Amino acid sequence: MRLDVSKLKTNGDSEEFEFCESWEKLEFRGDILFFVEPVYFYGVATKKGNLIEVSGNVKTKLKTICYRCTDDAYVEVDVPFYEEYSNREDTTDDEVIRFEDDVIEFDDNIVATIVLYLPMKYLCREDCKGLCPVCGTNLNVSSCSCEKDDIDPRLSILKTLINQLDTDEKKEV
Ligand SMILES: [Zn+2]
Ligand SMILES: [Zn+2]
């Protein structure tokens with residue numbers, strides 16, 4: 001997605017824009033996220049002194065894998081976009097993004113904006129029950145009769161401690 005800003009000559013000049021493109025996927029923290037809806041990017045570019053200030057919104061929808069049950073997990077993206085651009089060679093401000101000639105290329109900045117707002121873990125649904133660690137049954141779909149209390153001895157120690165704490169608290173009341 002590229003915007004020709006040659007028309008923005010005087011301070012305060014601005015131009016609205018709107019892009020809609022189909023992208024395939026993005027990779028982030030070892031996960032692959034597929035775009036299942038086009039990337040919709042709209043906003044306004046404004047000349048502010050030596051800078052072109054771009055503010056807008058990025059909307060799309062991504063599909064990846066639920067980290068608990070490996071089913072499909074969807075991420076709705078509807079996030080604000082703000083960047084400052086300059087095509088001057090003497091730009092020293094790290095926050096300002098350089099562009100060549102009169103054309104700003106947004107793709108990398110859009111991806112960077114999207115990943116900024118991605119959740120730490122992707123879930124098929126808020127209350128996903130995950131897979132049974134013993135038999136692998138998807139516990140959202142059916143149940144199994146595995147004795148889960150016996151899986152990990154460290155966990156059962158923790159459980160005893162918690163029970164202990166519970167009883168202690170009750171005694172104090
Ligand atoms: Zn899940
Ligand atoms: Zn099981």
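**Close-ups of a predicted model**

**View 1. F34 sits partly exposed at the surface.** F34 has a relative accessible area of 37%, so this residue counts as partly exposed, between the 20% and 50% marks. Keep in mind that this is a predicted model. You'll find F34 in strand β4, which covers residues 31-35.

**View 2. Which residues form a nonpolar patch on the surface?** The members are I32, F34, V36 and Y74. Together they put about 350 Å² of accessible area on show. Joining a patch takes over 30% relative accessible area, and F34 clears that bar because its value is 37%.

**View 3. Strand β4 pairs with β6.** The two strands run antiparallel and are joined by two bridges. Look for F35, whose bridge partner in β6 is L62. Strand β6 itself takes in residues 51-65.

**View 4. β5 and β6 make a hairpin.** Strand β5 (residues 39-48) runs antiparallel to β6, with nine bridges between the two. One pair to pick out is G43 with its bridge partner in β6, G56. Just two residues lie between the strands, and in the turn G49 has a positive phi of about 65°.

**View 5. β6 also makes a hairpin with β7.** How many bridges join β6 to β7? There are 14, and the strands run antiparallel, with β7 covering residues 72-86. V54 stands opposite E83 in β7. Six residues separate the strands of this hairpin, and T70 takes a positive phi near 65°.

**View 6. Two cysteines, C135 and C146, are both partly exposed.** C135 has a relative accessible area of 41%, while the value for C146 is 24%. As a reminder, a disulfide is a covalent bond between the sulfur atoms of two cysteines. With a cut-off of 2.5 Å between cysteine sulfur atoms, the count of disulfides comes to zero.

**View 7. Zooming out, the chain has nine strands and two helices.** Going along the sequence, the pattern reads β-β-β-β-β-β-β-β-β-α-α. The chain has 173 residues, and 31% of them count as buried. Among contacts with a separation of 6 or more, 54% come from residues 24 or more positions apart. The accessible surface of the chain adds up to about 11600 Å², with 49% of it belonging to carbon and sulfur atoms.

Conventions. Residues numbered from 1 in each chain as written. Chains lettered and ligands numbered in written order. Predicted model: local features only at pLDDT ≥ 70, side-chain atom pairs only at ≥ 80, totals over all residues. Heavy atoms only, no water. Patch = residues over 30% accessible without salt bridge, like charges linked within 9 Å, V, L, I, M, F, W, Y side chains within 5 Å. Areas by Shrake-Rupley, 256 points an atom, 1.4 Å probe, with all protein chains shown as cover. Salt bridge = Lys/Arg side-chain N within 4 Å of Asp/Glu carboxyl O. Helix = DSSP H or I, 4+ residues; strand = E, 2+ residues; numbered from the N terminus. Buried < 20%, exposed > 50% of the residue type's maximum accessible area, 1.4 Å probe, protein only. Pairing = 2+ DSSP bridges. Contact = heavy atoms within 4.5 Å.
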